[in-house]
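Colleague: I am new to reading structures, and I would like to take a close look at one part of this one. Could you pick a single helix and walk me through its surroundings?

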Amino acid sequence: MAPMTPIARREWRFPLCLAILFIVVGSFPYCYGYATAAPGEDFMGFIGRGTPGANSYFAFARQVAEGHHAVTNLYTPQSPERAYVNPEWWVMGQAARLTGLSLVSVFHVGRLLTVFAFLLALYYLCAVTLSTAAQRRAALLLVTCGTGLGWLLVGTNGLLGTQLPLSLDAKGVSIFGYLMNKPHFIRAGAFAALQYAWFIRGDQTGQARFFAYSGLAAAGHSLIRPYQIPEAFLFLALYAAVRIARQPHTLRSVLQHTTLAGLCHAPLVVWHGLVYWKNPLGLGGFNSWTPLFLLPQIFWLGLPFAVLLVSLVLGWPGHAGQKSRPSVLALWLLAAFLLLHSHPFFRWGIESYFAWVFVPPLLFVGHIWPAVARWCTSRPHLRRLTLAIIIMAVAPGNALIYTQFFTGLHAPQPPWQYYLDQDTRQTIEWIGEHGTEGDVVLASHDTSQFIPRLANLRVLTGQDVLTANYATQNSWVAQFFGTPGDDGFKRWLCQTQQVTWVLVGPSERRLGNANGTLPRGFERVHAVGAVEIYAVRRVQ
């Protein structure tokens, strides 16, 4: 592979300015969330997808901020005490502890730093695969703003009244959206960009240090998203097999380099293996995601992916003198493809996310667009038309995602919750003050997702991965609050789940006739407004 074209110092201004733009634009929904909180409600600091997950991160970080290095999964009643260590949330908790800042403040500082880290790392990946500053900028924009075509499905449903299933981009799963609301995910993306950028540099130069750097970046990636471990090692195997098949004389160096990358990654693999074996989070009984196949992927990943598929069918466009061959990127995408289509034998292929959103734009800009541009040389109007089509294809999706940050705050998709009424919050904090470590609170899912974050107490449900037997727990909670009478079941549930407190508030009453549903012997010990706390055993 040809050597990398050096990055001019002034080139870094573009990703830096783009990072500032994302930070400014991404801060408006948060400001709107605080500004539009109804009287008696608190905005809890999140926008977009997955508030239960975000609350669970805060629950871990809070335990660290209070002086614990090992933490407890509070979203299930039977998980081991102080058995889990997560470096990411340990850093967040220590930052809050050492600076005195609230966890929400630390979250936003981390969000800002993460945007810079991601865009700089991604630009480096663009630089090692593309020759010119213009190509690198175009690829960076396509990765960050090249949202899919799901807006077509939304528009069709709205205009024709159809019920077409929405693709993931229309539900907010995109780099554009995640740069504003998912710093945890974007941090993994920064490591992924470095993981493959350094591997490509090793492939370009033959220098072992780049393969070591790649393995260390893979370890950072796996620390945040262990789902990528099979993808990373499958990629190494594919790379070694293809290189040796094409160039048998490289057998020794290829095996040395891939082994070095794997060994640098190995400590995190061992660590996750121990976590899986010992199960310190007490996980169990959760469902994997449904895999995606070709048509949903086209809508989700958008124009670069669609064009890439067409180019593979029609033949890869050649370009004399182009700087790099697409083999490393193509093998990364192939590894993700094989894992995705190995369902149900491997159930987490859909989590191999970054190959799908990084590789198509890079191959599109580096290997497909040059052929299109040459064809349009004598037809400048067609080149302008093509650029206009690209912009028209991606702009509506970004507008849709950004609009949902605002509209979704006050019309959330269950089980996401962005606001918590102050009576419920004060009641949760009261339980935290009067309860003891290990106490279990029975409340609705909407309320339970906040309790470990605000009170460091256990709950029966609240997070789809961290709650063991999530679907069953939710059905039990709904039956408890929604069914009058049935005292035998309610006593059985409180006994088997070791429930200490029962919280009855607006969310619990929405499940049914919560008033009067508690068996005799449950003592009301505290109330704030319409929110009541019952002790399953008397508070000492």
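Modeller: Here is a tour that starts at one helix and moves outward to its neighbours, the empty spaces and a sheet. Please keep in mind that this is a predicted model.

Let us begin with helix α9, which covers residues 208–224. How far apart are its end C-alpha atoms? They are 25 Å apart, and this agrees with the 24 Å that 17 residues should span at 1.5 Å a residue.

Next, its setting. Of the 17 residues of α9, 12 are buried, so the helix is largely enclosed by the rest of the structure. You can find these buried residues one by one: they are Phe210, Phe211, Ala212, Ser214, Gly215, Ala217, Ala218, Ala219, Gly220, His221, Ser222 and Ile224. What do they pack against? Their partners are the helices α3 (87–99), α4 (103–129), α8 (183–205), α10 (228–246), α11 (251–278) and α15 (354–375).

Two of those partners deserve a stop. In α8 you will find Phe199. Is Phe199 buried or exposed? Its relative accessibility is 0%, so Phe199 counts as buried. Leaving aside neighbours within four places in sequence, Phe199 is in contact with several residues, among them Phe210, Phe211 and Ser214, and these three also appear among the buried residues of α9. Phe235, Leu236, Tyr239, Thr258 and Val328 are in contact with Phe199 too. To see how the backbones sit, look at Phe199 and Tyr213: they are 14 residues apart along the chain, and their C-alpha atoms are separated by 7.9 Å.

The other stop is α3, where Gln94 is found. Gln94 has a relative accessible area of 11%, under the 20% cut-off, so this residue is buried. Outside its neighbours within four places in sequence, Gln94 is in contact with Val64 and His69.

Now for the spaces. Rolling a probe the size of a water molecule over the atoms shows where empty space is left. The second largest pocket has a volume of about 570 Å³. Helix α9 belongs to this part of the story as well, since α2 (51–65), α3, α4, α8 and α9 are the elements that give two or more residues to the lining of that pocket. The lining has 32 residues, and those nearest the centre of the pocket are Glu88, Trp89, Met92, Gly110 and Arg187. By type, the lining divides into 20 nonpolar, seven polar and five charged residues.

There are also enclosed spaces: the structure holds six cavities of 30 Å³ or more, and the largest has a volume of about 160 Å³. Its lining is made of 21 residues, with Val143, Gly146, Thr147, Leu301 and Val357 nearest the centre. Helix α15, which we met as a packing partner of α9, supplies at least two residues of this lining, as do α5 (133–145), α7 (175–181), α12 (294–301) and α13 (303–314). Here the division is 15 nonpolar, five polar and one charged.

Finally, a look beyond the helices. An open sheet of five strands runs in the order β4-β3-β5-β7-β6, with mixed pairing. Its edge strands are β4 (458–459) and β6 (523–528), each pairing on one side only. Strands β6 and β7 (residues 531–535) pair in the antiparallel sense over five bridges; to spot one of them, look for Glu523 and its bridge partner Ala535 in β7.

Note on methods:
Residues are numbered from 1 along each chain as its sequence is written. This is a predicted model: local features need pLDDT of at least 70, side-chain atom pairs count only at pLDDT 80 or more; totals for chains, interfaces and linings use all residues. Side-chain values use heavy atoms; hydrogens and water are left out. Helices (H or I, at least four residues) and strands (E, at least two) are DSSP runs, numbered from the N terminus. The expected span of a helix is 1.5 Å times one less than its number of residues. Buried means under 20% relative accessible area, exposed over 50%, partly exposed in between (1.4 Å probe, protein chains only). Contact means heavy atoms within 4.5 Å. On a 1 Å grid over the protein atoms alone, a cavity is a set of points where a 1.4 Å probe fits but cannot get out, and a pocket is an open set with protein on both sides within 12 Å along at least five of seven lines; lining residues have an atom within 4 Å of a point. Grid points are joined across faces, edges and corners, and a volume is the space filled by probe spheres set on the points. Ala, Val, Leu, Ile, Met, Phe, Trp, Tyr, Cys and Pro count as nonpolar, Asp, Glu, Lys and Arg as charged, and the others, Gly among them, as polar. Two strands pair if DSSP finds at least two bridges between them.
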